[in-house]
Amino acid sequence: MTPVDLTKLPEYLKHQRWFAGKAWPIKSVSVVDHVTLDSEGPCAFSLAVVEVTYELGQPERYLLPVKPSSEGIQDALEEVDCLRSVFTLIREQRSVPSSSGHVQGEWISTPDAHVALPDPLPVRRLMVEQSNTSVVFGEKVILKIIRKLEAGVNPEHEMGRFLATRTSFRSTPMLLGALTLEGNAGATLAIVHRFVPNAVDGWKYTLDQFRRAGELGSTFLDEMRELGRRIGELHHALASVNDDPAFAPEPLLQEDLQRWSASILGEMGKTLADASRVHVDIENQRERLMEHARRLAHVAPSGQKIRIHGDLHLGQVLRSDSQWLIFDFEGEPARNFTQRREKYSPMRDVAGMLRSFDYAEATVMLEGTAPGPRLVPTREAFLAGYRESTRGAAFLPADDATFGTMLRAFELEKLLYEVRYELQNRPDWVRIPVQALLRMEEPT
Ligand SMILES: Nc1ncnc2c1ncn2[C@@H]1O[C@H](COP(=O)(O)OP(=O)(O)O)[C@@H](O)[C@H]1O
Ligand SMILES: O=P(O)(O)O[C@H]1O[C@H](CO)[C@@H](O[C@H]2O[C@H](CO)[C@@H](O)[C@H](O)[C@H]2O)[C@H](O)[C@H]1O
């Protein structure tokens with residue numbers, strides 16, 4: 001028996017914030033696995049994995065926590081008891097059979113993962129714009145229930161578990177547990193982290209600083225230097241284990257550089273053509289930009305490929321208690337899990353953060369803030385901190401010239417990604433990466 005009225009699902013899905021396929025006609029929806037939870041308790045509900053097939057394009061899978069209701073389908077996550085039930089399953093590491101496998105709760109039991117929770121446990125839905133559903137329990141832990149499921153190993157779950165159990169890196173809200181569906185429709189369904197109270201994200205924090213008149217204060221630049229150091233420490237931690245093939249650093253080969261260079265050149269073809277419809281001048285830059293990507297293929301290979309954050313920007317760091325914490329290890333949403341888990345040069349993360357400083361500068365300028373010396377000092381402070389904490393690291397290129405060439409190529413790669421991201425999501429913001437592409441210097 002299926003837990004939901006399948007005939008009502010297409011209409012239900014189209015009204016959900018997290019449903020990505022609103023623009024495409026649905027051909028069919030089927031339940032591929034489901035489990036009933038709390039069947040005897042106050043909140044009997046189902047966790048159903050549904051597959052949506054479209055008239056055109058690839059099918060997608062979603063997690064539907066649902067309750068039977070006289071009106072058809074009700075989101076079980078609207079009920080506090082159901083949210084507590086999901087959390088308890090994880091905390092007590094329970095295993096519950098599903099129609100074609102089982103769901104498994106996982107709770108990390110190292111001493112530094114210990115968290116004391118009040119009883120009864122207060123529950124608060126996080127009121128932020130997000131594509132999943134996050135809930136805070138007792139102001140101590142945050143549970144993210146994943147809505148759109150991808151095939152393969154979830155990088156946020158994998159990276160969080162690795163950092164928590166195999167490294168001493170603690171500049172991140174620690175992963176405490178997860179809920180996984182094992183079986184044919186296997187996927188990570190939910191993730192629990194330590195909740196960071198009173199945190200401000202790095203994007204808001206930086207905008208506030210950039211909006212102030214005059215020069216940036218030395219305190220802020222020290223904080224940016226500290227952020228650079230934290231990213232360097234993250235890379236050290238990610239490169240610190242050799243006995244786990246998913247994380248062991250690998251030598252960076254000429255063929256890696258050639259592959260990455262070719263991929264940037266390939267992305268450039270279509271992206272610049274799309275961008276030139278809104279900004280005609282961009283086509284004149286094509287040759288100069290291509291040269292930055294070509295140079296990547298020809299540097300002498302040094303350093304390593306390691307697991308990286310993969311989507312590092314100011315919105316992925318939190319400032320709390322005068323500390324920087326790095327979070328959201330799920331990687332770039334436009335790539336599949338296999339691509340996101342690939343080892344890469346850590347320079348890609350560095351480039352991502354530098355791009356974010358440019359976005360912050362462009363944002364305050366568009367708001368009418370007077371020009372000022374903000375961008376260059378922020379970049380320099382961040383890079384100085386990063387270089388300080390990674391001096392002599394085996395994962396970085398051996399000399400400064402190669403460091404510079406690789407950094408420019410990865411900034412270009414991120415810029416192209418941003419043009420595509422903005423064209424699709426925030427067309428008014430396309431000008432930010434486009435202006436940066438126009439400003440990119442002649443390769444030296
Ligand atoms: N551990 C945490 N402590 C405090 N706030 C957090 C924590 N994790 C996430 N948040 C807040 O929740 C928001 C959404 O979290 P995120 O994991 O990015 O969800 P999504 O993947 O759905 O975008 C973040 O922007 C941040 O403000
Ligand atoms: O936060 P996500 O993992 O969903 O990342 C995506 O969205 C980001 C925007 O929220 C986008 O970041 C771009 O805009 C930021 C400002 O809003 C800026 O700080 C980043 O540098 C810029 O890349 C990110 O690229 C995208 O993957």
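## Contacts of Leu189 and the nonpolar core

In this predicted model, Leu189 touches Leu47, Leu63, Val103, Ile145, Ile146, Leu179, Thr180 and Leu181, leaving aside residues up to four places away in sequence. Leu189 also belongs to the largest nonpolar core, a set of 110 residues. Leu63, Val86, Leu143, Leu189 and Ala190 are the members with the most contacts inside that core. The element that gives the most to this core is H9, with 9 residues.

## Domain arrangement

The protein is divided into domain 1 (6-12 + 27-76), domain 2 (81-194) and domain 3 (200-439). Between domain 2 and domain 3, the contact takes 18 residues from the former and 22 residues from the latter. On the side of domain 2 that touches domain 3, the residues fall into 8 nonpolar, 6 polar and 4 charged. The centres of these two domains, taken over C-alpha atoms, are separated by 29 Å.

A UniProt annotation from an unreviewed entry, "domain: Aminoglycoside phosphotransferase", covers residues 130-330. This span is 39% helix and 21% strand, and its end C-alpha atoms lie 14 Å apart.

## Surroundings of ligand 1

Ligand 1 has 17 residues around it, and Gln130, Asn132, Pro173, His193 and Val196 come nearest. Strand S9 (141-145) and strand S12 (187-194) are the elements that give two or more residues to this shell. By class, the shell around ligand 1 comprises 8 nonpolar, 5 polar and 4 charged residues. Because domain 2 (81-194) and domain 3 (200-439) both give residues to the shell, ligand 1 lies between them.

## Surroundings of ligand 2

Ligand 2 is surrounded by 13 residues, of which Asp311, His313, Arg355, Ser356 and Tyr359 are the closest. Helix H9 (347-366) and helix H11 (400-425) each supply at least two residues of this shell. The largest share, 3 residues, comes from H9, the helix that also gives the most to the largest nonpolar core. The shell around ligand 2 divides into 5 nonpolar, 3 polar and 5 charged residues.

## Packing of the final listed helix segment, residues 431-439

Helix H12 (residues 431-439) has buried residues at Ile432, Pro433, Val434, Ala436 and Leu437. The buried residues of H12 pack against helix H6 (254-276), helix H7 (286-298), H9 and H11. Two of these partners, H9 and H11, each supply at least two residues of the shell around ligand 2.

## Backbone features in loops

Most residues other than glycine have a negative phi, and most peptide bonds are trans. The peptide bond from Asp119 to Pro120 is cis, with omega near 0 degrees. Pro120 is placed in the loop between strand S6 (101-107) and strand S7 (123-125).

Glu139, a residue other than glycine, has a positive phi near 55 degrees. Glu139 is found in the loop between strand S8 (133-137) and S9, and S9 is one of the strands that contribute to the shell around ligand 1. Glu139 counts as partly exposed because it has 13 C-beta neighbours inside 10 Å. Asp321, also not a glycine, has a positive phi of about 55 degrees. Asp321 lies in the loop between strand S16 (317-320) and strand S17 (323-326). With 10 C-beta neighbours inside 10 Å, Asp321 therefore counts as exposed.

Terms used. Residues are numbered from 1 along each chain as its sequence is written. Chains are lettered from A and ligands numbered from 1 in the order in which they are written. This is a predicted model: local features need pLDDT of at least 70, side-chain atom pairs count only at pLDDT 80 or more; totals for chains, interfaces and linings use all residues. A residue is near a molecule or strand if its C-beta atom, placed from the backbone, lies within 6 Å of it. Helices (H or I, at least four residues) and strands (E, at least two) are DSSP runs, numbered from the N terminus. Ala, Val, Leu, Ile, Met, Phe, Trp, Tyr, Cys and Pro count as nonpolar, Asp, Glu, Lys and Arg as charged, and the others, Gly among them, as polar. UniProt positions are given in the numbering used here, feature names are shortened, and annotations may be inferred rather than shown by experiment. Domain bounds come from an automatic or database domain assignment. A nonpolar core is a set of buried Ala, Val, Leu, Ile, Met, Phe, Trp, Tyr and Cys residues joined through C-beta atoms within 7 Å. A residue is buried if 20 or more other C-beta atoms lie within 10 Å of its own, exposed if 12 or fewer, and partly exposed in between; C-beta atoms are placed from the backbone. Two residues are in contact if their C-beta atoms, placed from the backbone, lie within 7 Å.
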